[in-house]
Amino acid sequence: MTFYDDLETRSADAREAAQAQALQRQVAHAKAHALHYSRVLADVDPAAVSLAALPITRKSALIAQQAGEPPFGGVVATAFGTLARVFVSPGPIAEPEAAATDYWRYGRALHATGLRPGKLLHNCFAYHFTPAGSMLEGGARALGCPVFPAGTGNTEMQARAAAQLRPCCYSGTPDFLKAILEKGDELGLDLTSLQLGHVTGGAYLPSLRGWYADRGLTVLQSYGTADLGLIAYESEAREGMILDEGVIVEIVRPGTGDLLPDGEVGEVVVTTLNPHHPLLRFATGDLSAIMPGVSPCGRTNRRMRGWMGRADQAAKVRGMFVRPEQVAELLRAVPIVMKARLVVSLDGDRDVMLLRAEAATADEALTEQLGLALQSATKLRGLVELVPPGSLPNDGRVIDDTRPVSG
């Protein structure tokens, strides 16, 4: 078994110490070179900083910043004229790519998939507007691999090109490789050179895993975003996703910056150690959880479960939006309750809110206190139900809107 580098097998203590030092350098660098962080970190001492002391950055806020302070909202620490590429993803939100080797850090994930120097990557991610195509190409080039920039669409041309070029590895969405292989079968093409696949950007269902396995393919997945690059990746062990060495990942209670214990489902918050685009505590809006232990493959970094839904669970109730941040506010007002879920339903044609809160005993005074806190936080009245500790599902949901979707 080979590893991408020694970082993958260092001890937890060594990694934690290195990340603490890297965080201090990143905060100092962002404060000195990125206008936004020079403002929000004005009173922060980089030499004594902790993650918990840094504010959360949400994508919605960054989009608004970019609109008022184009093009990047003051969070980029590299001169615009030195950038290699600039992307615009849905939002719209602008993302920089600096002229650096493997800027998005996908070489590590592709190496874990099995791609090795000299092998051709058939890259079926888009090459326009969004950075996905560049992400995988940069990783392959860092490994010493040529790349066929196939892009998206036109299954027959994809299959014929693969039959001619004989790529070893596919990269793209999980289901598109299946479509290419089936088209190859239909056309009688030899696509047996494709033995590896690296997929992301969509649901990788067990049935699809089985389909690839039956054909003798090794197809692994990763998790990343256009803002941050690689966050976590799968190894041959196929037991969770191993965190990338270039990021610090937290799982927090949705609507807050409060760290959750390992195993609890919450929002994925990432601090990137990229000096060009130093996003600090960037809230992805995705739900996941940290898994216990380390991977059987020998890599020692922490692992996370895959994508488990969205953390932005706002619901419109009686004409007003109710958000996870408001549920967090009421929990701070009643600290004896550690976990709660706001259930929104219909009673006839009337919206109803029920706050289900975990408590050791059924206490009328606590019920009343929670009801007042709910009204204060949301400006709406709701019911309160106390339930025993451990009763609420561990799925990261803070607001559960059970109302039927209107046609």
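**Salt bridges and a four-stranded sheet**

Reader: How many salt bridges does the count come to?
Author: The model is a predicted one. A pair is counted when a side-chain nitrogen of Lys or Arg lies within 4 Å of a carboxyl oxygen of Asp or Glu. By this rule the number of salt bridges is 28.

Reader: Which residue of helix H6 is four residues apart from Glu-156, and what separates the two?
Author: Helix H6 covers residues 155–165 and holds both Glu-156 and Arg-160. Their side chains form a salt bridge, with 3.1 Å from N to O. Glu-156 is partly exposed at 35% relative accessibility, and Arg-160 is partly exposed at 40%. The residue four apart from Glu-156 is Arg-160, and because of that spacing the two are separated by about one helical turn.

Reader: Is Lys-178 buried or exposed, or partly exposed?
Author: Lys-178 makes a salt bridge with Glu-182, at 2.7 Å from N to O. Both lie in helix H7 (residues 176–187), four residues apart. Buried would require a relative accessible area under 20%. Lys-178 has 23%, so the residue counts as partly exposed.

Reader: How many residues apart in sequence are the parts that Asp-262 and Arg-302 tie together?
Author: The closest N and O atoms of this salt bridge are 3.8 Å apart. Asp-262 is in the loop between strands S11 (247–252) and S12 (266–272), and Arg-302 is in the loop between strands S14 (290–291) and S15 (303–304). Asp-262 is exposed at 52%, whereas Arg-302 is partly exposed at 35%. The pair therefore ties together parts whose separation in sequence is 40 residues.

Reader: Which residues are linked in a network of salt bridges?
Author: The network takes in acidic and basic side chains. Its members are Asp-5, Glu-8, Arg-105, Arg-108, Glu-236, Asp-244 and Arg-299.

Reader: Which strands stand at the edges of the sheet S20-S19-S18-S21?
Author: This is an open sheet of four strands with mixed pairing. Each edge strand has a single partner, so one of its sides is left without a neighbour in the sheet. The edge strands are S20 (383–387) and S21 (399–401).

Reader: What residue in S19 does Val-344 stand opposite?
Author: Strand S18 (residues 340–347) pairs with strand S19 (residues 350–358) in the antiparallel sense, over eight bridges. Opposite Val-344 in S19 stands Met-353.

Reader: What angle does the direction of helix H10 make with that of S20?
Author: Helix H10 (residues 364–378) packs on the sheet and touches S18, S19 and S20. The angle between its direction and that of S20 is about 130°.

Methods
Residues are numbered from 1 along each chain as its sequence is written. This is a predicted model: local features need pLDDT of at least 70, side-chain atom pairs count only at pLDDT 80 or more; totals for chains, interfaces and linings use all residues. Side-chain values use heavy atoms; hydrogens and water are left out. Buried means under 20% relative accessible area, exposed over 50%, partly exposed in between (1.4 Å probe, protein chains only). Two strands pair if DSSP finds at least two bridges between them. Contact means heavy atoms within 4.5 Å. Axes are lines fitted to C-alpha atoms, for helices over the stretch in contact, and angles run from 0 to 180 degrees between N-to-C directions.
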